[in-house]
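Colleague: Could you take me closely through one helix of this model and the core around it? Please give the cut-offs as you go.

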Amino acid sequence: MTIHTPRSTQLLWSWARDLHLILFFILFLQLFRLLLITTFSAQAAAITAGDLGRVLLTGLRFDISTATLWALLPILGGFYLLVQPQSRINETLRRFSGRLFLLISIPLAAADLIYFDEYGDQFDNRIFGIIHDDTTAILITLWKSYHPVLSLVFTLLLIALGWRLCHWWLAWQWTPLSQWLRQRSTVTASLLATGLFIFFVALLRGGTLWGEPIRLKHAFVAQEMLLNRSVLNPHSALRYTIAARLSLESSTSLETFWPEGDLTTALNEVRKQRALPPITSHNLEQGLQVVAHGPKWQRARHIFLILIESHSGWTVMPRYRSLQFSPGLSELADKGIYFANFLPASSGTVGALNTLITGLPETELNLNYEPTALKPFASSLAQLLHQEGMRTRFFYGGFLSWQRLDRFAQNQGFDEIYGGGQMAVAQETNEWGVRDRQLFDFILSKLDDNQPSFNFILTTTNHPPYDLNLTAAGFPFT
């Protein structure tokens, strides 16, 4: 541009260049989505062209919103041209935004792929487990499973390549468009600039001005869950996850569903639906009590509740018993109490553990860290069975510092708490704890037939990096 170019024309040209930058961001995000779908395509039964098209188009709405947000700095900086027409600050802001986007997006995309491989989804609430999890164990697992040094070198090379591509992309001048803009009058350039700014607002909303802006609920457009989980880009997935967490930890979430905040009224509404008389006091424990007679079985001497890390119950289903994948568990199902129709309490270990221990449904809060968990809940399993005269024990094959399970189990009514550090010397452990065989041998050594007991068991062996030598352990592949 020359010094004689009208300021409105300079602004219009600057925003056209910003639109060019937005297109670069969109292409990056769409390419990542295709990479994600391709990498994990084996998880889908069938991917039709129609479903794939809907995913890409819906994902595009999330992408243009994310891309425009990343370009806001040079877009808003464009107004400075109305004050200083000769300024080149916008070119600097444009290069800065492009490089910063790649510097953050490439590692974020790599982490998202690893996260998807582990959890079958993009960033969600489980990512906050990193805050309270065993950081050392996580780092060791990553070191063994994902070769971080090689991954870091590859990521740095991608960032360097991305910066070169971004420099080339922004250096493209679009000479015909620049010449055409110089020929526009000041009024025309002002109108076009106004229209382009309104267009940016529409892009921020996912491509609409008057309709509903793009939201998380719009991400479910296909039959295949893999495709639905690919609609968001890593930035959107992380943003929704953080927003949901902040909302969940604030009082506004509860007020949305329960504006009165009156527990007694809410409980009486539930009791009314169940044809139960209302309660007049504020004794919620009394109002929540349920008496179940159940079958007249002989009372068990010892009760074992086993929560197996990362295990699915399909191998115990009768239709798969012939495959002999888990004969020991099948025997436990036959001799114990087996529920065929069962829904998981959570998609993660901590959520399932908290639900089984406290009797409270998973709310995606780290209940084991909540101040209200410093004493047993009325529904806590160990507390209830302790009142029935049973000795309650908590066994964890890992280290009790993880998720502060030592204090949490004690606060929820367990009489005895044991962790992997008490079960084996350091040479016999891995980063997550002892082998399940050592865990169960230790449990058997603690049983006392003179007193009934309830034994809650959390295992660790069926957890990445899966370094157990099955052949040496007596379980060869056949």
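Modeller: The buried residues of helix 7 pack against helix 1 and helix 4, where contact means heavy atoms within 4.5 Å, and buried means under 20% relative accessible area with a 1.4 Å probe and protein chains only. Helices here are DSSP runs (H or I, at least four residues), numbered from the N terminus. This is a predicted model, in which local features need pLDDT of at least 70, side-chain atom pairs count only at pLDDT 80 or more, and totals for chains, interfaces and linings use all residues. Residues are numbered from 1 along each chain as its sequence is written, and side-chain values use heavy atoms, with hydrogens and water left out.

The residues buried in helix 7 are Thr155, Ile159, Gly162, Cys166, Trp169 and Leu170. Helix 7 has 24 residues and spans 34 Å from first to last C-alpha, close to the 34 Å expected, the expected span being 1.5 Å times one less than the number of residues.

As for the wider setting, the largest nonpolar core has 26 residues, with Trp15, Ile22, Phe25 and Phe200 making the most contacts inside it; such a core is a set of buried Ala, Val, Leu, Ile, Met, Phe, Trp, Tyr and Cys residues joined through side-chain atoms within 4.5 Å. Helix 7 (148–171) supplies at least two residues of this core, as do helix 1 (7–39), helix 2 (49–70), helix 4 (89–119) and helix 9 (186–204), and helix 1 gives the most, with nine residues. Beyond its neighbours within four places in sequence, Trp15 is in contact with Ile75, Gly78, Phe79, Ala193, Leu196, Phe197 and Phe200.

Definitions and conventions
Buried means under 20% relative accessible area, exposed over 50%, partly exposed in between (1.4 Å probe, protein chains only).
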